[in-house]
Amino acid sequence: MSDLEFGRMSIKEVETEGKYKPPQPHWYELYAQPCVAELLGSALFIFIGCASVIENVDGTGRLQPALAHGLALGLIIAILGNISGGHFNPAVSLAAWLIGGLNMMLLIPYWISQLCGGLIGAGLAKVMTANDRYINATGAAFTSITDDGQISSALVGEIVMTMFLVLAVCMGAINEKTSSPLAPFCIGFTVTADILAGGAISGACMNPARAFGPALVANYWDYHWVYWVGPMVASLLVGALIRLLIGDRKIRLLLK
């Protein structure tokens with residue numbers, strides 16, 4: 001009798017546990033907090049990036065900005081990535097949405113947060129740095145393109161370098177088959193490699209928010225469109241590549 005009662009009690013406990021549902025995340029954690037993280041992360045990343053360009057020590061060339069951008073991005077992704085995904089880049093957010101790694105409702109709010117963060121970061125860099133250095137560096141805006149003859153090479157460079165970056169994000173952090181706990185630093189190293197390789201060609205922006213903030217603060221808009229078209233085209237290409245060919249079964253649309 002006691003065994004039967006014990007068995008019944010166990011069944012009831014199992015049924016009770018089966019019916020238990022964990023509490024759903026608060027709407028703030030689902031929709032508002034990720035945007036706050038994108039705003040904060042973009043501001044910090046672009047502040048460090050702009051300051052490294054403005055205060056670049058003579059003789060270091062592209063090494064100082066390359067290391068500063070890459071290390072800052074890797075650390076910020078490691079800190080805030082579990083809240084928002086650690087995009088801090090409209091091109092990354094677009095690719096993440098294309099492969100199913102971002103809710104469509106958050107795409108535009110992410111873009112707004114990233115652009116506002118870029119503006120804040122560029123503004124803080126202007127306040128912190130010496131005025132003469134700020135003017136000499138054009139506020140860390142992208143000035144590599146000086147005539148129409150450079151547009152094609154700069155545009156191709158931005159597309160290829162951004163593809164490398166977005167591929168590192170999507171395959172290292174979103175695609176389950178290839179995701180890695182080292183993704184934040186792999187992404188940061190990708191930025192460093194891109195700046196070292198293509199900084200002299202286009203400035204190696206790879207991020208419309210990184211271009212927008214300094215351009216607005218310094219009021220420098222020459223060839224600014226290149227730093228939107230290149231990264232966004234790269235994002236579309238990477239999204240198609242992952243969806244059609246190299247994504248895991250959950251993401252890939254064909255040949256599952």
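**A tour of the empty spaces**

Let's start inside: the lining of the largest cavity is made up of 13 nonpolar residues, five polar ones and one charged one. Keep in mind as you click around that this is a predicted model.

**Stop 1: the whole protein**

Zoom out and switch to a cartoon view. You'll find ten helices and zero strands, so to speak a run of α-α-α-α-α-α-α-α-α-α from the N terminus on. The C-alpha atoms fill a box of roughly 90 × 45 × 30 Å along the principal axes.

Now colour by burial. Of the 256 residues, 46% are buried. Turn on the surface and you're looking at about 13,300 Å² of exposed area, with carbon and sulfur atoms supplying 68% of it. As for the contacts, take the ones between residues at least 6 apart in sequence: 76% of these join residues at least 24 apart.

**Stop 2: the largest cavity**

How many cavities of 30 Å³ or more does the count give? The count comes to two. The largest has a volume of about 100 Å³. Select Phe45, Leu73, Asn89, Leu165 and Val191: of the 19 lining residues, these are the closest to the cavity's centre. Then show α3 (63-84), α7 (151-174) and α8 (183-198), each of which gives at least two residues to this lining.

**Stop 3: the second largest cavity**

Next, select Ala141, Phe142, Ala211, Ala215, Tyr220, Trp221, Asp222, His224 and Tyr227, which line the second largest cavity. The volume here is about 40 Å³. By class, its lining has seven nonpolar residues, one polar and one charged.

**Stop 4: a ring pair**

Keep Trp221 selected, since it lines that second cavity, and add Phe212. Searching the whole structure turns up three aromatic pairs. In the pair of Phe212 and Trp221, the ring centres are 6.3 Å apart and the planes sit at 55°, so this pair counts as tilted. Buried or partly exposed: which is Phe212? Phe212 is partly exposed, with a relative accessible area of 21%; the cut-off for buried is under 20%. Trp221 is partly exposed too, at 35%.

**Stop 5: the largest pocket**

Back to the surface view for the open spaces. The largest pocket has a volume of about 470 Å³. To find it, select Gly81, Asn82, Ser84, Gly85 and Gly86, which lie nearest its centre among 27 lining residues.

Which helices each supply at least two residues of this lining? They are α2 (27-54), α3, α5 (104-128), α7 and α8. The largest share, six residues, comes from α3. You've met α3, α7 and α8 already, at the largest cavity. Colour the pocket lining by class and you get 15 nonpolar, eleven polar and one charged.

**Stop 6: the second largest pocket**

For the last stop, select Val53, Arg62, Pro65, Gly199 and Gly203. Those are the residues nearest the centre of the second largest pocket, out of 18 that line it. Its volume is about 360 Å³, and its lining splits into nine nonpolar, seven polar and two charged residues.

Terms used: Residues are numbered from 1 along each chain as its sequence is written. This is a predicted model: local features need pLDDT of at least 70, side-chain atom pairs count only at pLDDT 80 or more; totals for chains, interfaces and linings use all residues. Side-chain values use heavy atoms; hydrogens and water are left out. On a 1 Å grid over the protein atoms alone, a cavity is a set of points where a 1.4 Å probe fits but cannot get out, and a pocket is an open set with protein on both sides within 12 Å along at least five of seven lines; lining residues have an atom within 4 Å of a point. Grid points are joined across faces, edges and corners, and a volume is the space filled by probe spheres set on the points. Helices (H or I, at least four residues) and strands (E, at least two) are DSSP runs, numbered from the N terminus. Ala, Val, Leu, Ile, Met, Phe, Trp, Tyr, Cys and Pro count as nonpolar, Asp, Glu, Lys and Arg as charged, and the others, Gly among them, as polar. Buried means under 20% relative accessible area, exposed over 50%, partly exposed in between (1.4 Å probe, protein chains only). Contact means heavy atoms within 4.5 Å. Accessible areas come from the Shrake-Rupley method with a 1.4 Å probe; for residues, only the protein chains shown count as cover. Rings of Phe, Tyr and Trp (its six-membered ring) pair if their centres lie within 6.5 Å; planes under 30 degrees apart count as stacked, over 60 as edge-to-face and the rest as tilted.
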